[in-house]
Amino acid sequence: MTEPLMPQTDVPFDELIIREYLLDNPDFFNRYPELLLAMRLPHMERGAISLVERRQELLRQRVSQLEEEITSLLAMAARNEKIYLFNSELSFKLLNCADLVSLKEMLADSLKDQFHFTHVRLISVLDVDLDMKAIWEQRLRKGHYFGRVTQQEAKRLFGAEVGSVALVKLAEEIPVIFAIASQDATHFHPDMDNMLLEQLRRLLAYMLAKL
């Protein structure tokens with residue numbers, strides 16, 4: 001008589017069971033501390049090491065990673081503070097401008113000096129200017145655009161070739177593009193934060209409605 005076939009044991013499945021058990025029982029090695037020293041793990045530089053040594057190594061790596069993240073966050077906070085202070089000072093200067101000419105000069109000079117941009121412009125979009133209307137309708141469908149533009153677009157916006165640009169609609173009812181160019185092709189990119197430009201956009205829209 002043929003014996004019934006026993007189900008095949010799947011080793012990876014057994015490993016998953018062990019993994020789940022250890023995750024559900026983090027105090028397991030507290031109850032069996034001898035296992036920590038008995039079990040050995042391969043190490044590229046030191047040969048076999050114990051679980052305790054491996055845990056200590058992982059903790060050191062995690063501490064190092066956290067230190068790098070904290071350093072990065074502190075650097076970002078310092079940059080944001082610098083931008084906030086610059087934006088506050090620029091806002092007061094723009095509010096004191098008596099006419100559109102002085103406002104454009106103050107805006108361009110301040111941004112170029114602070115960030116070394118090559119061009120800063122406020123560009124009116126006229127119905128007869130088909131190229132500019134295309135930029136308004138296509139590039140600025142979302143209200144702003146950060147990144148590269150074609151040579152034709154760059155020549156129309158700035159009169160020269162540029163690396164990367166930031167383009168912002170002041171408002172749907174105010175057909176003016178706030179345009180900034182950098183010689184650096186990577187300075188403006190689609191994933192960048194628009195906090196500074198959004199604050200300036202709101203202020204400029206307010207100012208242009210009054211001047």
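This tour moves through the structure by selection, beginning with the whole chain and then turning to two helix pairs and three loop residues.

**The whole chain**

Begin with the entire protein displayed as a cartoon, bearing in mind that the model is predicted. Eight helices and six strands make up its secondary structure. Followed from the N terminus, the elements come in the order α-α-α-β-β-α-α-β-α-β-α-β-β-α. The chain has 211 residues, and 31% of them count as buried. Switch to a surface display to view the outside of the protein, which exposes about 15,000 Å². Carbon and sulfur atoms supply 57% of that exposed area. Among contacts with a separation of 6 or more, 48% are between residues 24 or more positions apart.

**Helices H5 and H8**

Next, select residues 100–115, which form helix H5, together with residues 195–210, which form helix H8. How do the axes of H5 and H8 cross? They come within 12 Å and cross at roughly 170°. Because angles over 145 degrees count as roughly antiparallel, H5 is roughly antiparallel to H8. The crossing of H5 past H8 is right-handed.

Now show the side chains at this contact. On the H5 side, select Leu 100, Leu 103, Leu 107, Leu 111 and Phe 115; they meet Leu 196, Leu 200, Leu 204, Met 207 and Leu 208 of H8. By class, the contact has 10 nonpolar residues, with no polar and no charged ones.

**His 116, in the loop after H5**

Move to His 116, in the loop that links H5 to strand S3 (119–124). Is His 116 buried or exposed? With a relative accessible area of 63%, His 116 is exposed, because the cut-off for that class is over 50%. Its backbone also merits a look: phi is positive, at about 60°, although His 116 is not a glycine.

**Helices H6 and H7**

Select residues 130–139 for helix H6 and residues 151–158 for helix H7. Their axes lie 10 Å apart, and the helices pack at an angle of about 110°. H6 and H7 are therefore roughly perpendicular to each other. The crossing of H6 past H7 is left-handed.

Which residues of H6 and H7 meet? From H6 come Asp 131, Met 132, Ile 135 and Arg 139, and from H7 come Gln 152, Glu 153, Arg 156 and Leu 157. Sorted by class, this contact has three nonpolar, one polar and four charged residues.

**Leu 140, in the loop after H6**

Continue to Leu 140, which is in the loop between H6 and strand S4 (144–147). Leu 140 counts as buried, because its relative accessibility is 0% and the cut-off is under 20%. Display its surroundings: beyond residues up to four places away in sequence, Leu 140 touches Ile 135, Tyr 145, Leu 167, Val 168, Lys 169 and Ile 177. One of these partners, Leu 167, is 27 residues from Leu 140 in sequence, and their C-alpha atoms are 7.4 Å apart. Another, Ile 135, also takes part in the contact of H6 with H7.

**Gln 183, in the loop before H8**

The last stop is Gln 183, in the loop between strand S6 (174–182) and helix H8. Its relative accessible area is 54%, so Gln 183 is exposed. With neighbours within four places in sequence set aside, the residues in contact with Gln 183 are Thr 118, Glu 161 and Gly 163. To finish, draw a distance line from the C-alpha atom of Gln 183 to that of Gly 163: the two are 4.4 Å apart in space and 20 residues apart in sequence.

Technical notes: Residues numbered from 1 in each chain as written. Predicted model: local features only at pLDDT ≥ 70, side-chain atom pairs only at ≥ 80, totals over all residues. Heavy atoms only, no water. Helix = DSSP H or I, 4+ residues; strand = E, 2+ residues; numbered from the N terminus. Buried < 20%, exposed > 50% of the residue type's maximum accessible area, 1.4 Å probe, protein only. Contact = heavy atoms within 4.5 Å. Areas by Shrake-Rupley, 256 points an atom, 1.4 Å probe, with all protein chains shown as cover. Axes fitted to C-alpha atoms, helices over the stretch in contact; angles between N-to-C directions. Parallel < 35°, antiparallel > 145°, perpendicular 65-115°, else oblique. Left-handed = near helix turned anticlockwise from the far one by under 90°. Nonpolar A, V, L, I, M, F, W, Y, C, P; charged D, E, K, R; others polar.
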